[in-house]
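Reader: I would like to go through the empty spaces and the ligand site, with the reasoning behind each label. Please set each value against its cut-off.

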Amino acid sequence: MAQSSKRKQIHLTINGVEHQVHGDEAFLPLAQFLRYHAHLPGTKVVCAEGDCGACTVLVARWNENEWSSFQTLNSCIAPIYLFDLCAIVTVEGLAEEEELNEVQSKMREFHGGQCGYCTPGMVCSLSGLADSCSQNNTPITEKKARNHLTGNLCRCTGYEPILNSAVNIDLKKWTPLAQRYLKKTQQEIFQKISTNTIHLEGSQKMVFSPVSLPEAISLKQQYPQLRIVSGATDLGVLHNKGKFFLDHVLVLNRIAELAKLESTPQGLWIGSRTSLTDFENFVEKEQPELSRLMRIFASPQIKNQGTLAGNVLNGSPIGDSIPALLTLNAEVHLTSAKGSRSVPLTSFYKAYKSFDLQPDEICTGIFIPTLGKNWMTKFFKVSLRKDLDISAVTFAAALKIENQKILEARVALGGVGPTVIRLPEIEKDLTGSLFSEDTFKNVGKKVRSLIKPISDLRASDEYRLTVAENLFHKCYIELCQESASCP
Ligand SMILES: Cc1cc2nc3c(=O)[nH]c(=O)nc-3n(C[C@H](O)[C@H](O)[C@H](O)COP(=O)(O)OP(=O)(O)OC[C@H]3O[C@@H](n4cnc5c(N)ncnc54)[C@H](O)[C@@H]3O)c2cc1C
Ligand code: FES
Ligand code: FES
């Protein structure tokens, strides 16, 4: 295997100033580095769990010879070693030549600036929205602003003034962040070091960030204890809570071949580096129901940073993508020094957080086979509030329906046991049955005897049973509205 030359530090810019980070500092959450090492305390840390948005910053990434657009993310949970060759803009970098920028001015004019904890994050989120709308030449609507602010919590006076500020932003007065912060000279510096493998060490800590898959495979073979970190939106929270320490780490976010997104007649390939935002946009045409589900997944900040592979490999019983992927017969593609294999998701989950995964294996991507003619899907997430909440129950159904008859059925539920489950008995009952309200009401009743949900902070066992039953009815009603097979 050809070894690329090694580097012992992370290179990034913060508000246009270059920083090189090494040793223990490189293991800090980005927010801590900003506040205590880069002396930029405008970025606040409130929850330290990715939930409130106070720590929102904007990030563009130099990857494969080009800059990504600036996207928002939560700096409290993301370790700084994920930001090699990135340009970061914090709230301190938004003002233009000592003058408030257009977003800040409108926040002042419409009294959107409220408490000092949330406001910097809100301003960064709205600046991200202004930047993308000005790039795409589309207006800022209230709907877009609401969606963009789902990851920014205000616990005091409410969102009305913030939304008023957002819809009054004049994009003609907006200077694109790329124009201000992505300079050619910096690009040339980053380009020269972009093929270096990073090997960082701190006190009893190490992180590798290779640029090729063979190198990553060889590192995982040599050090199987290395924990793969993709977006760290699951792992970063555990780390901050002291439940798990990210001390021996393999980062895959610089490997170009893991970024592949491909649509063929056979299906969709989602490379393991694909962010949840890119996944949501990619499936919009071929799997609109999946894209709709992703709209109520987490927040823009989390989706810009977290990956689909991370959701699948985290394997939570309430992982929102998993029931849908199970009914779509998705496959997890794994590779190691011994070779590559593809595991049907239906046999990947063995027990709570126990998977068909060897310590030296890396997930390279997820494959979603094409469903074909006359298949319909419904994916639901039920949580205490609509946005940015953990599911109580998740439901997925893929049904082949012809002439008012169900020819094939795949059904899955999440949040009702230690793993997400397919329901073979229900699938058997549905197959060959009439596509009717009675059919769905009957299987809904039957499902209560097949699952044993627990009571926890989010929901009681009885609530989960009732929701699971009712979701079959909801599935029928929604499919009926869309289907020519409706009696
Ligand atoms: C505020 C907040 C809101 C959230 N909301 C939701 C939600 O609505 N729905 C939901 O389902 N989840 C939610 N999550 C959880 C999380 O964002 C998702 O599970 C996300 O998809 C994880 O992706 P990641 O890239 O950040 O994974 P990471 O945290 O980097 O990794 C997760 C796991 O996957 C493994 N892994 C990652 N990539 C690979 C690979 N290539 N090969 C082998 N193993 C790998 C890691 O080792 C780790 O065990 C939320 C999290 C937060 C903090
Ligand atoms: S501090 Fe709350 S999301 Fe980061
Ligand atoms: S702006 Fe901070 S609580 Fe409302």
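Reader: What makes the largest cavity a cavity, and what is its volume?

Author: In this predicted model, the largest cavity has a volume of about 60 Å³. The label applies because a 1.4 Å probe fits there but cannot get out.

Reader: Which residues line the largest cavity?

Author: The lining consists of Phe27, Pro29, Ile77, Ala78, Pro79, Tyr81, Gly236, His239, Asn240 and Leu246. By class these are 7 nonpolar, 3 polar and no charged residues. Gly236 is in that lining, and it falls under polar because Gly is counted there.

Reader: How many cavities of 30 Å³ or more does the structure hold, and what is known of the second largest?

Author: There are 2 cavities of 30 Å³ or more. The second largest has about 30 Å³ of space. Its lining includes Cys115, Cys118, Cys154 and Cys156, along with Met122 and Ile162. The class count is 6 nonpolar, 3 polar and no charged residues. Cys is classed as nonpolar, so the cysteines go into that group.

Reader: Why is the second largest pocket called a pocket and not a cavity?

Author: A pocket is an open set of points, whereas a probe in a cavity cannot get out, so the open space takes the other name. About 1100 Å³ of space lies in the second largest pocket. Of its 34 lining residues, Asn147, His148, Glu280, Asn281 and Pro300 are the closest to its centre.

Reader: Which element gives the largest share of that pocket's lining?

Author: α3 does, with 6 residues. Other elements that give two or more are β6 (71-74), α4 (142-148), α10 (276-282), α11 (288-295) and α12 (300-305). The lining of the second largest pocket divides into 7 nonpolar, 16 polar and 11 charged residues.

Reader: How do you know that Asp234 makes a polar contact with ligand 1?

Author: A polar side-chain atom of Asp234 lies 2.5 Å from an oxygen atom of the ligand. The cut-off for a pair of N or O atoms is 3.5 Å, so the pair qualifies. Arg227 also has a polar side-chain atom at 2.8 Å from a ligand oxygen atom. For Leu235 a backbone N or O atom lies 2.9 Å from an oxygen atom of ligand 1. Taken alone the ligand exposes 1000 Å², of which the protein buries 93%.

Reader: Why is ligand 1 said to lie between domain 1 and domain 3?

Author: Both domain 1 (6-92 + 180-251) and domain 3 (260-482) give residues to the shell around ligand 1, so the ligand lies between them. Of the 33 residues around it, Ile228, Thr233, Asp234, Thr307 and Asp320 come nearest.

Reader: What supplies the shell, and how is it made up by class?

Author: β10 (227-229), α9 (235-240), α13 (308-314) and β18 (362-369) each supply at least two residues. The largest share, 4 residues, comes from α13. By class, the shell has 15 nonpolar, 11 polar and 7 charged residues.

Key:
Residues numbered from 1 in each chain as written. Chains lettered and ligands numbered in written order. Predicted model: local features only at pLDDT ≥ 70, side-chain atom pairs only at ≥ 80, totals over all residues. Heavy atoms only, no water. Near = heavy atom within 4 Å. Polar contact = N/O pair within 3.5 Å; in protein donor to acceptor, adjacent residues only side chain to side chain. Areas by Shrake-Rupley, 256 points an atom, 1.4 Å probe, with all protein chains shown as cover. Domains from an automatic or database assignment. 1 Å grid on protein atoms, 1.4 Å probe; cavity = no way out; pocket = protein on both sides within 12 Å on 5 of 7 lines; lining within 4 Å. Points joined across faces, edges and corners; volume = space filled by probe spheres on them.
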